Amino acid sequence: MSRQSSVRQTIPAELRYTRQQFDREFPTDDACLEQIKEQRFPGGVAVCQKCEGPRKHYRVAGRTAYACATCGNHIYPLAGTIFEKSTTSLRVWFQAMYLMGSTRCGISAKQIQRETGVTYKTAWRMFRQIRSLLSEPDMQLEGSTVEVDEMYYGGHRKNSTGRLMRGDKGKKSIVVGAVERKGRVICRTATDTTGKTLKGFVKEYVLPKSTVFTDEYSSYAGLDRMDGMEYQHRRVNHESKVYVVGDVHTQTIEGFWSLVKRGIGGVYHSVSQKYLQTYLDEYSFRYNRRASGNLIFPAMLAKVSEKVLSKPSAPVAENQNV
Ligand SMILES: [Zn+2]
């Protein structure tokens, strides 16, 4: 590798999170539990339901519980998280998340199986759970320049390129996506590519007054005439083999589609329609943090405590306002 290219590929020190750092920070299950506890109850302080007030809690040896310093009542930092019912070591979970976060193209359950020694089934289940953390349903694009396009995934049909034809329906999955240039991506599986669906997607995720780039597909017609949205609509004529005219192109979103397709094809081989959205979430999550070096693992970790399921019957665990 030439000196120049090694310099260019170097992630700045503050954005680096190496395997050595991971091993140092999380050598044991206890260290991992402590991390989740700190995320949910910083300093061990949580509202004790018996004392009815904030109390310091201390680790109960040999258990995943922490006890109230005043009355001894237990809290469980893992309650409501993806780890709650798992019999797999917490450190293996962390390792799986680390591996998933440190690749651009994804990693297979087989790789996790090899690296951690869990069964394939366990690795696969862990992946599914971790992916469930990565959806960002409330996200909206804020850039003023957005490309919108659809992707067709899976299935078999005679004409392997281009849009769905009559009769192809149901075999391929449809994905609609929007990306800010030099920014973030949002994509969703869709049931069809009607104007209502595609323009509805734009309306939901793209800010009014944005400039929206699409190809010439007829379903995008009228994008610039939607009530209250005031979009500028620029179209690139792919049919005439024209791909770029000045800044009029959809190459950013097409680049993302090829990343997803290569990733799913190369790593996962195939994905059923049922789970496609969760894979899209995984790729989007990483893509949207591509400027964070490999700090993606800490970002994933943060999601564990952000996405705690509310379970009224769970052991006292949350900062409930009661
Ligand atoms: Zn108490």
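# Exercises on a predicted model

Four strands make up an open sheet, ordered 1-2-3-4, with antiparallel pairing. The model is predicted. The exercises start from this sheet and then move to helices and a loop.

## Exercise 1: the sheet

Task. Determine which strands are the edge strands of the sheet ordered 1-2-3-4.

Solution.
- Step 1. Strands of a sheet pair through backbone hydrogen bonds, either parallel or antiparallel.
- Step 2. Here the pairing is antiparallel and the order is 1-2-3-4.
- Step 3. The edges are strand 1 (45-48) and strand 4 (74-75). Each of these two pairs on one side only.

## Exercise 2: from strand 1 to strand 3

Task. Follow the chain through strand 1, strand 2 and strand 3, and state how many bridges join each pair.

Solution.
- Step 1. Take strand 1 and strand 2 (residues 53-59). They run antiparallel and are joined by four bridges.
- Step 2. Fix the register. C48 stands opposite G53 of strand 2. V47 has P54 as its bridge partner in strand 2.
- Step 3. Look at the turn. Four residues lie between strand 1 and strand 2 in this hairpin. One of them, E52, has a positive phi of about 55 degrees.
- Step 4. Move on to strand 3 (residues 66-68). Strand 2 pairs with strand 3 over three bridges, again in the antiparallel sense. H57 has C68 as its bridge partner in strand 3.
- Step 5. Check the second hairpin. Six residues separate strand 2 from strand 3, and G62 takes a positive phi near 75 degrees.

## Exercise 3: helix 3 against helix 4

Task. Classify the packing of helix 3 and helix 4 from the angle between their axes.

Solution.
- Step 1. Two packed helices are described by the angle between their axes and the distance between the axes.
- Step 2. For helix 3 (residues 29-40) and helix 4, the angle is about 70 degrees and the axes are 7 Å apart.
- Step 3. Angles of 65 to 115 degrees count as roughly perpendicular. Helix 3 is therefore roughly perpendicular to helix 4.
- Step 4. List the contact. Helix 3 supplies D29, C32 and L33; helix 4 supplies L90, R91 and F94.
- Step 5. Sort these residues. Four are nonpolar, none is polar and two are charged.

## Exercise 4: helix 4 against helix 10

Task. Classify the packing of helix 4 and helix 10, and give the handedness of the crossing.

Solution.
- Step 1. Helix 4 (residues 90-101) and helix 10 (residues 296-306) pack at about 130 degrees, with axes 8 Å apart.
- Step 2. That angle is neither in the range 65 to 115 nor over 145. The two helices are therefore oblique to each other.
- Step 3. Their crossing is right-handed.
- Step 4. The contact uses M97, Y98 and G101 from helix 4, and I296, F297, M300 and L301 from helix 10.
- Step 5. The contact of helix 4 with helix 10 has six nonpolar residues, one polar and no charged.

## Exercise 5: a loop residue

Task. Decide whether E136 is buried, partly exposed or exposed.

Solution.
- Step 1. Locate E136. This residue sits in the loop between helix 6 (120-133) and strand 5 (145-153).
- Step 2. Count the neighbours. There are 14 other C-beta atoms within 10 Å.
- Step 3. Buried needs 20 or more, and exposed means 12 or fewer. E136 is therefore partly exposed.
- Step 4. Add one distant partner in sequence. I186 is 50 residues from E136 along the chain, and their C-alpha atoms are 8.7 Å apart.

Conventions: Residues numbered from 1 in each chain as written. Predicted model: local features only at pLDDT ≥ 70, side-chain atom pairs only at ≥ 80, totals over all residues. Axes fitted to C-alpha atoms, helices over the stretch in contact; angles between N-to-C directions. Parallel < 35°, antiparallel > 145°, perpendicular 65-115°, else oblique. Left-handed = near helix turned anticlockwise from the far one by under 90°. Contact = placed C-beta atoms within 7 Å. Nonpolar A, V, L, I, M, F, W, Y, C, P; charged D, E, K, R; others polar. Pairing = 2+ DSSP bridges.
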